[in-house]
Amino acid sequence: MAKKSRLDFSQMVVEGQKIVYLTAYDYLTAKMVEKAGIDMILVGDSLGMVSLGYDTTLPVSMDDMIRHCQAVRRGAPNTFIVGDMPYMSYQVSDEEAVFNAGRFIREGGADAVKLEGGGPRMASRIKAINESGILVMGHIGLTPQSMAQQGGYKAQGRNSQAAINIVKEAKRLEEAGAFSILVEAVPTVVGKVITERAGIPILGIGAGPYTHGQLLIYADMIGLYENFTPKFVKKYASVNEIITNAFKEYAKDVREKNFPVDEEHTYKMEKEVIEEFLKLIKEEAIG
Ligand code: KIV
């Protein structure tokens, strides 16, 4: 299947087809995601928690992101990839934001970048990145890089004023030139109102069923990452259990001397060659 472009995503919106968006952080997962026909991959800074074992996404660096983006591109050469700009790679200035967005495209092989926040400062970053010729996705609602200000990983826009503010942020980012906006962890009605008023694809993660597409973190939806599961995650498998059980069985087999004993998993030598070999060992008096 050919890689989709922003025009394909706009066309999908016109035709009422949902855009399917999933994270991936490595080659193997990206390969499976592409094989499953997912429309768009996010190399999210959530890899800091899922793949690198941090408690938050804040320690993730540009170099971490580029390395993982490259691996995902190798695994999914025909899928549209969005590189997630990590903490402090865009907050300081428009210039730094453009420079780091460019690294995602040139070094990471991404098709677009995403950044968090809906205020005037982030609108300025989006405008600058867009004017440099790079597709940029906004991200509003729950924005994990601002977790301290938001009081933890909590749903946003749950009172009328907060909800209005998020709707205004969506408009601001669209006007700044975002090609798409991701809305995270807001009440369904807020996701619906944003989507109805948008002229660009609105993707949701915990924003209800009305957005133009849906994102999930792959390790959540396959039941691999068990430290914390947000309310909006639907689990499609229990991969952590399957893998842990396989590791346990392997350990048992080795300890009970049941592996590797069968012909299927060992290399053979002809009988005469073995005899010759053992004779030579004796003659050479090795060991
Ligand atoms: O890093 C990520 O995976 C994200 C999602 C949580 C939206 O930004």
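**View 1. Polar contacts between the ligand and side chains of the predicted model.** In this predicted model, an N or O atom in the side chain of K114 is 3.0 Å from an oxygen atom of the ligand. The side chain of D84 likewise places an N or O atom 3.0 Å from an oxygen atom of the ligand, and a polar side-chain atom of D45 lies 2.9 Å from a ligand oxygen atom. On its own the ligand has 260 Å² of accessible area, and the protein covers 96% of this area.

**View 2. The shell of residues around the ligand.** The ligand sits in the largest pocket, where the residues around it are T23, L42, G44, D45, S46, D84, K114, H139, L182, E184, L215 and I217. Sorted by class, this shell holds four nonpolar, four polar and four charged residues. Among the charged residues are D45, D84 and K114, whose side chains also appear in the preceding view with atoms at 2.9 Å, 3.0 Å and 3.0 Å, respectively, from an oxygen atom of the ligand.

**View 3. An aromatic pair formed by F9 and F80.** Five aromatic pairs are found when the whole structure is searched, and one of them is formed by F9 and F80, whose rings are arranged edge-to-face, with 5.1 Å from centre to centre and 85 degrees between the planes. This pair links distant parts of the chain, since F9 belongs to helix α1 (residues 6-14) whereas F80 belongs to strand β3 (residues 80-84), and the two residues are 71 residues apart. Strand β3, as delimited here, spans residues 80-84, and D84 is also one of the residues around the ligand.

**View 4. The cis peptide bond from F259 to P260.** The peptide bond that runs from F259 to P260 is cis, with an omega near 0 degrees. P260 itself is found in the loop between helix α11 (239-255) and helix α12 (271-284).

**View 5. The backbone at M88.** Although M88 is not a glycine, this residue has a positive phi of about 70 degrees. M88 lies in the loop that runs between β3 and α5 (94-106), and β3 is the strand that contains F80 of the aromatic pair shown in View 3.

Note on methods:
Residues are numbered from 1 along each chain as its sequence is written. This is a predicted model: local features need pLDDT of at least 70, side-chain atom pairs count only at pLDDT 80 or more; totals for chains, interfaces and linings use all residues. Side-chain values use heavy atoms; hydrogens and water are left out. A residue is near a molecule or strand if one of its heavy atoms lies within 4 Å of it. A polar contact is a pair of N or O atoms within 3.5 Å; within protein, one must be able to donate a hydrogen and the other to accept it, and residues adjacent in sequence count only if both atoms are side-chain atoms. Accessible areas come from the Shrake-Rupley method with a 1.4 Å probe; for residues, only the protein chains shown count as cover. On a 1 Å grid over the protein atoms alone, a cavity is a set of points where a 1.4 Å probe fits but cannot get out, and a pocket is an open set with protein on both sides within 12 Å along at least five of seven lines; lining residues have an atom within 4 Å of a point. A molecule sits in a cavity or pocket if more than half of its atoms lie within 2 Å of its grid points. Rings of Phe, Tyr and Trp (its six-membered ring) pair if their centres lie within 6.5 Å; planes under 30 degrees apart count as stacked, over 60 as edge-to-face and the rest as tilted. Helices (H or I, at least four residues) and strands (E, at least two) are DSSP runs, numbered from the N terminus.
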